[in-house]
Amino acid sequence: MSNEKPFGDVEASLEKTGRVDELIKLYESRSREVPKADEAAHLLCRAADLSREKLKNATRAEELFRRALVYLPNAREALEGLRGIFEARSDFAALAEVLERLGLVQAGPAAAAIYLRAGELYETKLQRRDRAVICYQLASRAAPQERQAYQRARKLLLHEGRYASAFDSLERERAALGDRELVEEYVGFAESLINYPQEHTLATKALVRALSVDGKLY
């Protein structure tokens with residue numbers, strides 16, 4: 001008969017006596033024994049939390065969170081852990097990347113808020129407007145009724161001279177919010193193209209859209 005104590009008993013004993021290093025090693029060892037990937041990932045996240053909170057070892061915690069993602073690539077617990085580490089470190093590139101991955105495991109306004117934050121980092125900290133536009137577009141798809149994402153994407157698209165894509169953004173916003181909300185946006189879009197003769201056809205389309213709505217209102 002084995003004299004080995006059950007995992008739960010060993011865990012409780014180490015917690016009670018404050019033997020953090022041994023508790024971390026226990027979780028690491030146990031993660032290699034459990035049959036399910038989600039169990040292994042959770043154990044490694046618990047070890048990572050202890051490393052970060054009790055030992056103040058962010059480097060070790062990051063390693064453990066990343067190992068958890070090997071078992072479960074979309075583990076929200078691990079991604080949130082990495083998010084906290086990168087925010088504390090002001091590692092904007094790594095933070096933006098992990099936020100994009102977090103957006104995949106969220107839905108609705110929660111996902112939209114995460115994508116908006118990632119877009120802000122790409123736009124303001126990393127000067128990657130192309131990636132910022134993608135994140136803003138993902139935010140608008142996650143929460144179609146939120147105007148902020150459309151507007152931020154459109155601002156960057158206009159800045160880069162991607163007028164057709166900016167018009168498409170207006171059309172998607174109109175489909176989500178209705179005509180009445182977008183009259184001024186269409187007019188403003190058309191006005192922004194006044195000095196670009198090659199874009200007057202697109203400007204005309206925007207004005208036609210605005211006038212058709214104006215006719216309904218008045």
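1. First, a term you'll need: a nonpolar core is a set of buried Ala, Val, Leu, Ile, Met, Phe, Trp, Tyr and Cys residues joined through side-chain atoms within 4.5 Å. Keep in mind that what you're looking at is a predicted model. Its largest nonpolar core has 65 residues, and the members touching the most others are Phe65, Ala78, Phe86, Leu99, Tyr186 and Phe189. As a general habit of soluble globular proteins, nonpolar side chains tend to be buried together.

2. Have a look around Phe86. Leaving out residues up to four places away in sequence, Phe86 touches Glu62, Arg66, Asp91, Ala94, Leu95 and Val98.

3. Now for the aromatic rings, where the count comes to four pairs. Phe167 and Tyr186 make one of them, an edge-to-face pair with 6.2 Å from centre to centre and 65 degrees between the planes. This pair links distant parts of the chain, as Phe167 belongs to helix H10 (residues 163-177) and Tyr186 to helix H11 (residues 183-192), 19 residues apart. Both Phe167 and Tyr186 are buried.

4. Why does the pair of Phe167 and Phe189 count as tilted? The ring centres are 5.8 Å apart and the planes meet at 45 degrees, so the pair falls between stacked (under 30) and edge-to-face (over 60). Here too distant parts of the chain are linked: Phe167 is in helix H10 and Phe189 in helix H11, 22 residues apart. Phe167 and Phe189 are buried.

5. Put those rings together and you get one aromatic cluster of Phe167, Tyr186 and Phe189.

6. One last thing to find on screen: the charged end of Arg30 sits over the ring of Phe7, 4.9 Å from the ring's centre.

Notes:
Residues numbered from 1 in each chain as written. Predicted model: local features only at pLDDT ≥ 70, side-chain atom pairs only at ≥ 80, totals over all residues. Heavy atoms only, no water. Buried < 20%, exposed > 50% of the residue type's maximum accessible area, 1.4 Å probe, protein only. Contact = heavy atoms within 4.5 Å. Phe/Tyr/Trp six-rings, centres within 6.5 Å; stacked < 30°, edge-to-face > 60°. Helix = DSSP H or I, 4+ residues; strand = E, 2+ residues; numbered from the N terminus. Lys NZ or Arg CZ within 6 Å of the ring centre and 35° of its normal.
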